[in-house]
Amino acid sequence: MELDDVLLNATDIPPLDQSVSDPFARHGSQFKSASIELARVTKRRTNLENAFTTWYKQDDTMVPNIKLLYIKGLSRIIHICSTLLLDPSVCTRIVSENFEKDFLKKYQQFVTQSTLRFTPIMVSYQRVSPPFTQHQISFQRALPGGILILEITAKDNIFTANLCSLEKSRVGAHSDHGISSKIFSEECVRMKDAIHVHSFSYDFHLRYFHSLFTKRTNLPKGVNAASLLYSFYNRFQQ
């Protein structure tokens, strides 16, 4: 790796320690600091290259949570979309939580089985429990020009989709910057519209109500049909 490439994202090298009288020791200490920084950046870039290669080959290898957080930190958020789920004021907490789980499950099927072709990221956690185990899922889609990362979260009756991009040039891997970068940029724009958060939520609510009201059994305990429909109408009429 070229030193110029490393210095692009490196912090300033500490100045010479003037308290040390030996010039060899002063310069040796500064060189050691630069070498440590070089090793740190090289390791991070290698991890990024390995993650990109693994995802591009559709490998289901587990990704450490720390590495995933680092990748997200380097990526750019290109789209955020949130939508309200079932109104908790017109149903019980259990009904609301089950609705969130069903919504996440169906949306996961949508982004993995449709033309979006996202793949769930298998995350491993070290010494800590995974946050929002049942309410947060991350996906990736590796393209010749970069990586798209989609994170969906359902919490407190709010569903949020965060779409991030990480260009291959920032990963450090070689690519055809003319063609692949252009295709990747176009795909980023297409994905902003293709994730269909609001329209998906609208259709999901309609299917939920249809299933609920066409059953030949009583409604779930704590569900007020009139209030449920009125809340849905007020929320989506805009």
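## Reading ring pairs, strands and burial in a predicted model

The structure holds 14 aromatic pairs, and one of them is the stacked pair of phenylalanine 103 and tyrosine 107, with 6.4 Å from centre to centre and 5° between the planes. The model discussed here is a predicted one.

User: Where in the fold do phenylalanine 103 and tyrosine 107 lie, and how many residues separate them?

Analyst: Both belong to helix 4, which spans residues 93–113, and they are 4 residues apart, about one turn of the helix.

User: Why does phenylalanine 103 count as buried, and why does tyrosine 107?

Analyst: Buried means a relative accessible area under 20%. Phenylalanine 103 is at 0% relative accessibility and therefore counts as buried, and tyrosine 107 is buried as well, because its relative accessible area is 0%.

User: Why is the pair of phenylalanine 209 and phenylalanine 232 edge-to-face?

Analyst: Planes over 60 degrees apart count as edge-to-face, whereas planes under 30 degrees apart count as stacked. The planes of phenylalanine 209 and phenylalanine 232 stand at 80°, with the ring centres 5.1 Å apart, so this pair is edge-to-face. Because phenylalanine 209 sits in helix 7 (residues 197–214) and phenylalanine 232 in helix 8 (residues 225–236), the pair ties together parts that are 23 residues apart in sequence. Phenylalanine 209 counts as buried because its relative accessibility is 4%, and phenylalanine 232 is buried with a relative accessible area of 12%.

User: Which residues do the ring pairs link into a cluster?

Analyst: The cluster linked by ring pairs consists of Phe99, Phe103, Tyr107, Phe110, Phe159, Phe200, Tyr202, Phe204, Tyr208, Phe209 and Phe232, so both pairs discussed above have their residues in this cluster.

User: Turning to the whole protein, how many helices and strands are there, and what share of the residues is buried?

Analyst: The protein has 8 helices and 7 strands, and buried residues make up 35% of its 238 residues. Its exposed area is about 14500 Å², of which carbon and sulfur atoms supply 55%. A further way to read the fold is through sequence separation: among contacts with a separation of 6 or more, 66% come from residues 24 or more positions apart.

User: How many bridges join strand 5 to strand 6, and how many pair strand 6 with strand 7?

Analyst: Strand 5 (residues 136–143) and strand 6 run antiparallel and are joined by 8 bridges, while strand 6 pairs with strand 7 (residues 158–167), also in the antiparallel sense, over 10 bridges. In the register between strand 5 and strand 6, glutamine 136 stands opposite threonine 153 of strand 6, and a hairpin of 2 residues joins these two strands. On the other side of the pairing, glycine 146 has glutamate 167 in strand 7 as its bridge partner. The hairpin of strand 6 and strand 7 has 2 residues between the strands, and in it aspartate 156 takes a positive phi near 55°.

User: Is strand 6 mostly covered or open, and how many of its residues are buried?

Analyst: Strand 6, residues 146–155, is mostly covered, with 9 of its 10 residues buried.

User: Which side-chain contact does glutamate 167 make with arginine 76, and which residues does glutamate 167 touch?

Analyst: Glutamate 167, which lies in strand 7, has its side chain joined to that of arginine 76 by a polar contact of 2.5 Å. Leaving out residues up to four places away in sequence, glutamate 167 touches Arg76, Gly145, Gly146 and Phe184. Glutamate 167 counts as buried because its relative accessibility is 18%, which is under the 20% cut-off.

User: Where is methionine 191 found, and which residues is methionine 191 in contact with?

Analyst: Methionine 191 is found in helix 6, residues 179–194, and is buried with a relative accessible area of 0%. Setting aside neighbours within four places in sequence, methionine 191 is in contact with Leu116, Phe118, Arg141, Leu148 and Leu163. Methionine 191 and histidine 79 are 112 residues apart in sequence, yet 8.9 Å apart in space, C-alpha to C-alpha.

User: Finally, how many disulfides does the count come to?

Analyst: A disulfide requires two cysteine sulfur atoms within 2.5 Å, and by this rule the count is 0. As for individual cysteines, cysteine 81 is buried with a relative accessible area of 11%, and cysteine 164 counts as buried at 10% relative accessibility.

Terms used:
Residues numbered from 1 in each chain as written. Predicted model: local features only at pLDDT ≥ 70, side-chain atom pairs only at ≥ 80, totals over all residues. Heavy atoms only, no water. Buried < 20%, exposed > 50% of the residue type's maximum accessible area, 1.4 Å probe, protein only. Contact = heavy atoms within 4.5 Å. Areas by Shrake-Rupley, 256 points an atom, 1.4 Å probe, with all protein chains shown as cover. Phe/Tyr/Trp six-rings, centres within 6.5 Å; stacked < 30°, edge-to-face > 60°. Pairing = 2+ DSSP bridges. Polar contact = N/O pair within 3.5 Å; in protein donor to acceptor, adjacent residues only side chain to side chain.
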